[in-house]
Amino acid sequence: MPQLLIVAHAPLATSLRTVAQHTYPDCASLLQALDVAPGESPEEVEVRLRALLAQAGNTETLILADVFGATPCNVALRVADAHRARVVAGVNVPMLWRVLCYAAEPLEALVARAVSGATQGVMQVAVSRPQNQAVKTGNDDQVQHSHQQ
(Lines give C-alpha, C1' and ligand atoms only; values in the text may rest on other atoms or scores of the structure.)
Protein backbone atom coordinates (compact mmCIF):
# COMPACT_ATOMS: atom_id res chain seq x y z
CA MET A 1 0.00 0.00 0.00
CA PRO A 2 1.50 3.39 -0.98
CA GLN A 3 2.19 6.05 1.59
CA LEU A 4 0.11 9.24 1.19
CA LEU A 5 1.58 12.67 1.80
CA ILE A 6 0.17 16.18 1.42
CA VAL A 7 2.64 19.01 0.82
CA ALA A 8 1.07 22.47 0.78
CA HIS A 9 1.31 26.03 1.98
CA ALA A 10 0.56 26.29 5.71
CA PRO A 11 -1.95 25.46 7.10
CA LEU A 12 -3.54 23.70 4.12
CA ALA A 13 -1.73 20.35 4.39
CA THR A 14 -2.59 19.90 8.06
CA SER A 15 -6.14 21.13 7.49
CA LEU A 16 -6.72 18.63 4.68
CA ARG A 17 -5.33 15.85 6.87
CA THR A 18 -7.77 16.90 9.60
CA VAL A 19 -10.67 16.79 7.15
CA ALA A 20 -9.55 13.33 6.02
CA GLN A 21 -9.35 12.09 9.60
CA HIS A 22 -12.80 13.48 10.30
CA THR A 23 -14.31 11.57 7.38
CA TYR A 24 -12.03 8.51 7.41
CA PRO A 25 -10.76 8.13 10.99
CA ASP A 26 -8.77 5.00 10.11
CA CYS A 27 -6.55 6.93 7.69
CA ALA A 28 -4.29 8.53 10.30
CA SER A 29 -1.52 6.01 9.75
CA LEU A 30 -1.74 6.34 5.95
CA LEU A 31 -1.66 10.11 5.58
CA GLN A 32 1.02 12.61 6.51
CA ALA A 33 1.03 16.37 6.07
CA LEU A 34 3.88 18.79 5.47
CA ASP A 35 2.98 22.46 5.81
CA VAL A 36 5.32 24.91 4.10
CA ALA A 37 5.63 28.01 6.26
CA PRO A 38 5.83 31.51 4.81
CA GLY A 39 9.45 32.46 4.27
CA GLU A 40 10.69 28.87 4.43
CA SER A 41 13.29 28.23 1.75
CA PRO A 42 12.90 25.44 -0.79
CA GLU A 43 16.05 23.85 0.66
CA GLU A 44 14.49 23.74 4.13
CA VAL A 45 11.31 22.21 2.75
CA GLU A 46 13.34 19.64 0.84
CA VAL A 47 15.17 18.55 3.99
CA ARG A 48 11.87 18.05 5.84
CA LEU A 49 10.26 16.26 2.90
CA ARG A 50 13.21 13.91 2.47
CA ALA A 51 13.03 13.09 6.19
CA LEU A 52 9.32 12.21 5.91
CA LEU A 53 9.95 10.04 2.87
CA ALA A 54 12.88 8.32 4.57
CA GLN A 55 10.60 7.28 7.43
CA ALA A 56 8.56 5.26 4.96
CA GLY A 57 11.63 3.42 3.78
CA ASN A 58 11.26 1.99 0.31
CA THR A 59 7.48 2.37 0.26
CA GLU A 60 5.95 3.96 -2.82
CA THR A 61 4.47 7.35 -2.06
CA LEU A 62 1.76 9.51 -3.57
CA ILE A 63 2.51 13.17 -2.88
CA LEU A 64 -0.43 15.53 -3.21
CA ALA A 65 0.74 19.14 -3.66
CA ASP A 66 -1.38 22.25 -3.61
CA VAL A 67 -0.29 24.32 -6.63
CA PHE A 68 1.78 23.35 -9.65
CA GLY A 69 4.81 25.63 -9.91
CA ALA A 70 4.81 26.67 -6.26
CA THR A 71 7.46 25.66 -3.71
CA PRO A 72 5.62 22.62 -2.27
CA CYS A 73 5.13 21.09 -5.71
CA ASN A 74 8.59 22.05 -7.00
CA VAL A 75 10.29 20.44 -4.00
CA ALA A 76 8.10 17.34 -4.28
CA LEU A 77 9.05 16.97 -7.94
CA ARG A 78 12.72 17.37 -7.08
CA VAL A 79 12.69 14.47 -4.59
CA ALA A 80 10.09 12.19 -6.19
CA ASP A 81 12.37 10.07 -8.37
CA ALA A 82 14.76 9.17 -5.59
CA HIS A 83 11.92 7.96 -3.37
CA ARG A 84 9.63 6.01 -5.70
CA ALA A 85 7.06 8.76 -5.45
CA ARG A 86 4.53 10.32 -7.81
CA VAL A 87 3.30 13.90 -7.48
CA VAL A 88 -0.19 15.18 -8.25
CA ALA A 89 -0.80 18.94 -7.99
CA GLY A 90 -4.08 20.66 -7.21
CA VAL A 91 -5.03 18.75 -4.08
CA ASN A 92 -8.60 19.26 -2.93
CA VAL A 93 -11.02 17.42 -0.66
CA PRO A 94 -12.66 15.25 -3.38
CA MET A 95 -9.20 14.16 -4.57
CA LEU A 96 -8.13 13.31 -1.05
CA TRP A 97 -11.28 11.34 -0.24
CA ARG A 98 -11.02 9.38 -3.50
CA VAL A 99 -7.41 8.49 -2.72
CA LEU A 100 -8.32 7.35 0.78
CA CYS A 101 -11.18 5.19 -0.54
CA TYR A 102 -8.77 3.36 -2.85
CA ALA A 103 -5.59 3.60 -0.77
CA ALA A 104 -4.86 -0.13 -1.16
CA GLU A 105 -4.51 0.13 -4.96
CA PRO A 106 -1.11 0.28 -6.67
CA LEU A 107 0.53 3.69 -7.00
CA GLU A 108 -0.28 4.20 -10.70
CA ALA A 109 -3.96 3.42 -10.14
CA LEU A 110 -3.99 5.74 -7.14
CA VAL A 111 -2.60 8.58 -9.28
CA ALA A 112 -5.46 8.09 -11.76
CA ARG A 113 -7.98 7.99 -8.90
CA ALA A 114 -6.56 11.23 -7.48
CA VAL A 115 -6.86 13.08 -10.78
CA SER A 116 -10.37 11.80 -11.49
CA GLY A 117 -11.52 12.57 -7.94
CA ALA A 118 -10.25 16.12 -8.22
CA THR A 119 -11.76 16.84 -11.61
CA GLN A 120 -15.08 15.13 -10.94
CA GLY A 121 -15.37 16.90 -7.61
CA VAL A 122 -15.27 20.37 -9.15
CA MET A 123 -18.54 21.49 -10.67
CA GLN A 124 -20.87 24.42 -10.83
CA VAL A 125 -23.79 23.57 -8.60
CA ALA A 126 -25.79 26.78 -8.69
CA VAL A 127 -26.27 29.66 -11.06
CA SER A 128 -26.77 33.24 -10.02
CA ARG A 129 -30.33 34.29 -9.46
CA PRO A 130 -31.98 36.40 -12.15
CA GLN A 131 -31.85 40.08 -11.50
CA ASN A 132 -35.05 41.67 -10.29
CA GLN A 133 -36.00 43.70 -13.31
CA ALA A 134 -39.20 45.59 -13.71
CA VAL A 135 -41.66 43.91 -16.02
CA LYS A 136 -42.40 46.02 -19.07
CA THR A 137 -46.08 46.30 -19.58
CA GLY A 138 -47.20 46.81 -23.08
CA ASN A 139 -49.40 45.67 -25.81
CA ASP A 140 -48.18 43.14 -28.35
CA ASP A 141 -50.66 44.41 -30.91
CA GLN A 142 -49.00 44.58 -34.33
CA VAL A 143 -50.89 47.74 -35.20
CA GLN A 144 -48.93 49.71 -32.60
CA HIS A 145 -45.63 48.28 -33.87
CA SER A 146 -45.55 49.48 -37.42
CA HIS A 147 -41.82 48.68 -37.68
CA GLN A 148 -42.52 44.95 -37.33
CA GLN A 149 -43.69 42.89 -40.23
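Here are some questions and answers about this predicted model.

Q: What makes up the secondary structure of the protein chain, and in what order do the elements run?
A: The chain has 5 helices and 4 strands. Starting at the N terminus, they come as β-α-β-α-β-α-β-α-α.

Q: How do you know which strands sit at the edges of the sheet?
A: Look at the order: the 4 strands form an open sheet that reads β2-β1-β3-β4, with parallel pairing. β2 (31–36) and β4 (85–89) each have a single partner strand, so one side of each has no neighbour in the sheet. As for the twist, neighbouring strands are turned by 20 degrees against each other on average, direction ignored.

Q: Why are β1 and β3 called paired strands?
A: Pairing takes at least two bridges between the strands. Strand β1 (residues 3–9) and strand β3 (residues 61–65) are joined by 5 bridges, so they count as a pair. They run parallel. Two spots to look at along this pair: L4 has L62 as its bridge partner, and L5 stands opposite I63.

Q: What makes β3 and β4 a pair?
A: The cut-off is at least two bridges, and 5 bridges join β3 to β4, so they pair as well. These strands run parallel. On this side, L62 has R86 in β4 as its bridge partner.

Q: Why is β3 described as largely enclosed?
A: A residue is buried when its relative accessible area is under 20%. In β3, 5 of the 5 residues are buried, so the strand is largely enclosed by the rest of the structure. Both of its faces are covered, with T61, I63 and A65 buried on one side and L62 and L64 buried on the other. That fits a general pattern: in a regular strand the side chains alternate between the two faces of the sheet.

Q: What makes A76 a buried residue?
A: Buried means under 20%, and A76 has a relative accessible area of 0%, so it counts as buried. You'll find A76 in helix α3 (residues 71–80). Leaving out residues up to four places away in sequence, A76 touches L49, I63 and V87. One of these, I63, belongs to the covered strand β3.

Q: How far apart are A76 and R50 in sequence and in space?
A: They are 26 residues apart in sequence, while their C-alpha atoms are 9.1 Å apart.

Q: Where does helix α2 lie?
A: Helix α2 (residues 42–55) lies across β1, β2 and β3. Its angle to β2 is about 170 degrees.

Q: Why is the meeting of E40 and R48 called a salt bridge?
A: The nitrogen and the carboxyl oxygen have to be within 4 Å. For the side chains of E40 and R48, the N to O distance is 2.8 Å, so the pair qualifies. In general, side chains of opposite charge can pair when their charged atoms come close. E40 sits in the loop between β2 and α2. Apart from residues up to four places away in sequence, E40 touches D35, V45 and R48.

Q: Why does E40 count as buried and R48 as partly exposed?
A: The relative accessible area of E40 is 17%, which is under 20%, so E40 is buried. R48 comes out at 33%, between the 20% and 50% limits, so R48 is partly exposed.

Q: What makes R50 and E46 a salt bridge, and how are they placed along helix α2?
A: Their side chains meet at 2.9 Å, N to O, and that is within 4 Å, so they form a salt bridge. Being 4 residues apart in helix α2, they are separated by about one helical turn. R50 is partly exposed at 30%, whereas E46 is buried at 16%. Salt bridges that share partners also join E46, R50 and R78 into one network.

Q: How do you know that E105 and R113 form a salt bridge?
A: Their closest N and O atoms are 3.0 Å apart, and the limit is 4 Å, so the pair passes. R113 has 26% relative accessibility and counts as partly exposed. By this rule, the count comes to 6 salt bridges.

Conventions. Residues are numbered from 1 along each chain as its sequence is written. This is a predicted model: local features need pLDDT of at least 70, side-chain atom pairs count only at pLDDT 80 or more; totals for chains, interfaces and linings use all residues. Side-chain values use heavy atoms; hydrogens and water are left out. Axes are lines fitted to C-alpha atoms, for helices over the stretch in contact, and angles run from 0 to 180 degrees between N-to-C directions. Contact means heavy atoms within 4.5 Å. Buried means under 20% relative accessible area, exposed over 50%, partly exposed in between (1.4 Å probe, protein chains only).
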